[in-house]
Amino acid sequence: MSIVNRQVLTLDEFTIQQLRNFPKATGELSSLLRDIGLAAKRINVEVNKAGLVDILGDYGSVNVQGEEVKKLDIFANNQMMGVLRHGISCAGIGSEEMDDIVIFDDEVSNQSKYVVLFDPLDGSGNIDVNVSIGTIFSVYRRTSELGKPCTKEDFLQPGIKQVAAGYVIYGSSTMLVYATRRGVNGFTLDPSIGEFCLSHPNMICPEFGKIYSVNHGNFFLYSEGVRKYITLCQQKNKDNGGPYTQRYIGSMVSDVHRNLIKGGIFMYPGMSDKPKGKLRLLYECNPFAFIIEVAGGKATNGEMRVLDIEPSDLHQRSPFFVGSKGMMEELEACL
Ligand code: P6P
């Protein structure tokens with residue numbers, strides 16, 4: 001007789017259990033997270049096949065089954081948009097892959113409470129070298145009137161208004177990590193049952209760490225304060241046992257996920273030729289800022305708390321510093 005291990009909670013069981021703590025909750029957020037989990041499982045299958053693209057047909061070609069093979073980030077975008085459009089919880093989406101928001105504008109979607117912003121496949125340039133990549137998502141309660149189509153203003157809320165935020169990392173294992181105000185929880189995909197299982201309950205970002213993540217190639221493009229902090233990270237006899245270790249693999253989801261677990265700081269500063277840096281505020285910086293703050297860390301743009309920034313454009317960029325509270329305070333002292 002197989003032993004049913006009731007200790008392992010699936011994502012669905014966990015979100016429904018959370019519902020029990022909020023009797024007035026409608027279950028829409030739980031349903032939304034289940035939808036995202038489904039999209040993640042479908043994206044995971046294709047990401048894991050990416051190395052076989054020569055066999056399965058290159059992107060833009062027609063594969064042996066006669067299907068058109070889409071670029072992986074377009075595929076991921078369509079999976080996320082598809083599950084959210086056909087769910088009951090989302091009125092519309094904003095995506096890194098699309099110029100403007102997509103307003104679902106059907107009777108059920110117009111009654112839905114939430115809108116979702118996402119980067120469907122961040123770091124997709126790393127696919128062909130087999131480096132982990134990820135999906136990042138951010139959930140807001142609509143400010144527009146229920147029963148009517150969602151509006152652009154629903155998407156341009158400051159990050160502090162996020163109801164939930166999370167990411168999926170397609171790495172040595174596939175994990176979905178999401179935060180609400182109640183905490184950050186990590187779920188690892190068990191391929192044998194096709195379910196995300198609670199593997200990292202109540203994730204806390206260590207107050208200090210020994211890892212700093214930044215693209216050193218841009219060192220002389222950074223401000224004096226940033227260069228001062230990077231140099232500090234490399235010095236011996238620091239009060240917490242420096243020098244630190246530099247870890248940067250050019251895939252934000254992987255770098256920030258590692259630093260969340262081990263402690264550390266991730267930096268994508270503004271540069272002399274790109275003062276706003278590279279990362280997008282709404283679907284890269286805000287979700288991670290929310291997750292790391294709920295886990296006890298900090299996130300700024302070098303001048304202010306990221307979550308307090310009032311957005312003006314769907315795809316605006318922001319300098320981004322995020323990580324362990326103690327290390328962020330060391331950085332702030334240098335800025
Ligand atoms: P750079 C990937 O393209 C990405 O958006 C993030 O995932 C990553 O942290 C960053 O860009 C890497 O950028 O300029 O250091 O190669």
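Biologist: What makes the five strands β10-β9-β11-β13-β12 an open sheet, and which are the edge strands?

Modeller: In this predicted model, the five strands line up in the order β10-β9-β11-β13-β12, with mixed pairing. The edges are β10 (245-246) and β12 (298-300), each of which pairs on one side only.

Biologist: How do you know that β9 and β11 pair?

Modeller: Pairing takes at least two DSSP bridges between the strands. Strand β9 (residues 211-213) and strand β11 (residues 265-268) have two bridges, in the parallel sense, so they count as paired. As for a partner in β11, Ser213 is bridged to Phe266.

Biologist: Which helices go with the sheet, α7 and α8 included?

Modeller: Helix α7 (residues 252-262) lies across β9, β11 and β13 (320-323), and it runs at about 160° to β9. Helix α8 (residues 281-294) packs on the sheet too, where it touches β12 and β13, and its direction makes about 25° with that of β13.

Biologist: Now the whole chain. What does its secondary structure come to?

Modeller: Nine helices and 13 strands.

Biologist: Why is the protein chain called as compact as a globular protein of that length?

Modeller: Set the value against the rule: the radius of gyration is 20 Å, and the globule rule gives 20 Å for 335 residues, so the chain is as compact as a globular protein of that length. Along its principal axes, the C-alpha trace spans about 60 × 50 × 50 Å.

Biologist: What share of the residues is buried?

Modeller: With buried meaning under 20% relative accessible area, 54% of the 335 residues qualify. The chain exposes about 15300 Å², and carbon and sulfur atoms supply 51% of that.

Technical notes
Residues numbered from 1 in each chain as written. Predicted model: local features only at pLDDT ≥ 70, side-chain atom pairs only at ≥ 80, totals over all residues. Heavy atoms only, no water. Helix = DSSP H or I, 4+ residues; strand = E, 2+ residues; numbered from the N terminus. Contact = heavy atoms within 4.5 Å. Axes fitted to C-alpha atoms, helices over the stretch in contact; angles between N-to-C directions. Rg over C-alpha atoms; globule rule 2.2 N^0.38 Å. Buried < 20%, exposed > 50% of the residue type's maximum accessible area, 1.4 Å probe, protein only. Areas by Shrake-Rupley, 256 points an atom, 1.4 Å probe, with all protein chains shown as cover.
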